[in-house]
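Q: Please take a close look at the aromatic side chains of this protein. I should like a connected account of how their rings are arranged.

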Amino acid sequence: MNHLVILPILIPLLGASLSLFIEHRRFGPKVQRSVAWLSMAALAVVVALLFAQTNEGRISAYLLGDWPARLGIVLVADRLAGWMLGTTLLLAIACLLYACTGWDRRAPHFHALFQFQLVGLNGAFLTGDIFNLFVFFEVLLIASYGLLLSGGRGLRMRIGLHYVVFNIAASTLFLIALGMLYATLGSLNMAEISQRIAELPPSHLKLAKAALGLLLVVFCSKAALLPLYLWLPESYARAPAAVAALFVIMTKVGLYAVLRVSTLWLGDGAGAMSGYSSDWLLWAGVATLVVAALGALAATRMSVLVAYLVVVSAATLFIAFALGNAGTISAGLFYLPHSTFTAAAMFLVADLIRRRRIRAGERRDGELTVLPGKTATGLMFLVAAVAVAGLPPLAGFLAKVALLSAVPHAHTGVVWAAVLGSSLLVIMGLTRTGIRLFWHVPGDDETPPEPEQAVEAPARPFETAAASLLLAYVVAMTVFAAPLMRQTDAIAAQLLTPEQYLNDIRGTTPQVRQP
């Protein structure tokens with residue numbers, strides 16, 4: 001049995017335990033950070049090995065408790081899981097780097113909660129059991145509650161409580177859907193359900209559709225699909241920068257679940273359930289894209305603008321995955337890490353701008369103010385804005401071109417109008433924000449302040465390095481677009497032919513006792 005599959009869960013779990021032990025013993029922040037980075041380094045090695053293994057097309061099943069897959073819990077590593085683990089790792093490195101510049105000392109148990117968040121994320125991407133997807137969802141959500149509310153007060157606490165209540169309601173619905181699914185199909189193993197769903201008698205179809213409908217509603221609420229996105233903008237905008245940047249991947253967990261379920265359970269071999277929900281997911285994705293782009297255009301704070309851009313990226317991915325062909329799924333998978341890194345970078349840049357806010361020193365002639373650190377921050381904002389708007393030459397443009405070129409003829413008009421129209425609205429919103437933040441021209445009735453009056457202290461170098469690292473990922477995706485797109489093509493092909501997934505899981509036998 002390949003024990004490598006379970007290590008992305010065990011390593012951050014051990015790191016979280018050590019972090020709590022160190023806090024209890026009252027060691028200083030340097031020791032806590034050292035443990036966090038050692039855990040991250042070990043996780044990076046394991047994820048790299050697992051990515052290389054899945055990149056060869058192998059699907060590894062890990063039988064927890066050595067029970068047969070149809071009876072016990074199973075973890076599965078395939079190409080899609082490796083892709084999502086790699087995206088999560090790269091994002092977590094930059095977020096941890098930013099937090100370790102000082103914010104982690106203001107949040108109780110930050111490092112333990114951060115590691116538990118990774119446990120939930122990695123487990124959600126690796127599980128082959130739908131009930132344990134619920135378990136890992138709860139692990140990452142409970143950790144997110146602590147990260148969002150730590151050190152907060154006032155408005156952030158109130159918005160954080162709304163976030164908690166919404167997710168508890170969604171989790172309750174998740175449990176109800178799982179009960180209905182088990183009552184209908186008699187299993188919660190994903191591979192087993194895939195086989196049984198194609199053999200459902202007509203008398204069970206309505207209950208199965210109701211259960212799957214509830215399940216998809218839960219996933220869509222996690223991924224902020226209209227009308228279930230209202231919790232996201234203010235929650236992410238009020239979160240600390242490093243936490244908001246990490247939270248960007250959480251919407252992708254819901255999208256991952258939708259993609260996994262739709263290709264494994266509702267594909268061409270699902271009989272009467274084939275293609276269930278794809279139409280309404282497509283139209284809901286189009287509506288969400290339009291509304292989120294309008295929200296980005298209307299945003300008056302940069303952090304709220306970035307939160308709406310997270311919804312824009314999620315809606316674009318819903319469209320790509322709902323269309324369901326190899327080309328759109330591949331384009332969506334390429335767009336997924338790009339949009340994740342870009343939105344996370346913009347949250348960090350927004351925090352840098354907020355704390356470097358210039359209260360004096362603007363030029364009367366309207367030129368950009370040249371003060372320590374502002375030029376670098378402006379350049380980072382420019383690169384992130386070009387990337388998130390999907391302008392050439394960065395990877396967002398390549399992803400959208402690949403998506404639009406693969407849209408089926410029946411949906412060409414709607415999808416092209418939604419994607420291009422939303423991109424225009426996003427460009428307008430970003431342009432207005434950039435002008436307001438970096439190109440301020442005093443009016444005739446304004447008295448320009450004295451240059452020496454007030455300039456906030458520049459950010460710490462590692463904060464700028466963390467934001468630059470995320471943007472470097474985006475640039476690297478542009479440079480290596482061809483091999484990365486070949487990888488996403490292979491992932492899409494594997495998802496659309498789930499026979500290997502099913503055979504490998506069902507064919508994995510216990511090592512100690514035979515079933």
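A: **Aromatic rings in the predicted model**

One aromatic cluster in this predicted model is formed by Tyr145, Tyr163, Phe166, Trp231, Tyr236, Phe247 and Phe347. A search of the whole structure finds 15 aromatic pairs. In one of them, the ring centres of Phe125 and Tyr256 are 5.1 Å apart and the planes stand at 80 degrees; because an angle over 60 degrees counts as edge-to-face, the pair is assigned to that class. Phe125 belongs to helix 4 (residues 110-126) and Tyr256 to helix 10 (residues 241-264), so this pair ties together parts that are 131 residues apart in sequence. Phe125 has a relative accessibility of 0% and counts as buried. Tyr256, with a relative accessible area of 4%, is buried.

The pair of Phe137 and Phe219 has its ring centres 6.3 Å apart and its planes at 20 degrees, so it is stacked. This pair, too, links distant parts of the chain: Phe137 lies in helix 5 (residues 130-149) and Phe219 in helix 8 (residues 205-222), 82 residues apart. Both Phe137 and Phe219 are buried.

Aromatic side chains also occur at the surface: Phe21 and Phe27, together with Val31, make a nonpolar patch of about 270 Å². Val31 is found in helix 2 (residues 29-55) and is partly exposed, at 34% relative accessible area.

As for the setting of these rings, the protein chain contains 19 helices and 2 strands. Of its 515 residues, 58% count as buried. Among contacts with a separation of 6 or more, 81% join residues 24 or more positions apart.

Terms used: Residues are numbered from 1 along each chain as its sequence is written. This is a predicted model: local features need pLDDT of at least 70, side-chain atom pairs count only at pLDDT 80 or more; totals for chains, interfaces and linings use all residues. Side-chain values use heavy atoms; hydrogens and water are left out. Patches are made of residues with over 30% relative accessible area and no salt bridge: like charges are joined within 9 Å, nonpolar side chains (Val, Leu, Ile, Met, Phe, Trp, Tyr) within 5 Å. Accessible areas come from the Shrake-Rupley method with a 1.4 Å probe; for residues, only the protein chains shown count as cover. A salt bridge is a side-chain nitrogen of Lys or Arg within 4 Å of a carboxyl oxygen of Asp or Glu. Helices (H or I, at least four residues) and strands (E, at least two) are DSSP runs, numbered from the N terminus. Buried means under 20% relative accessible area, exposed over 50%, partly exposed in between (1.4 Å probe, protein chains only). Contact means heavy atoms within 4.5 Å. Rings of Phe, Tyr and Trp (its six-membered ring) pair if their centres lie within 6.5 Å; planes under 30 degrees apart count as stacked, over 60 as edge-to-face and the rest as tilted.
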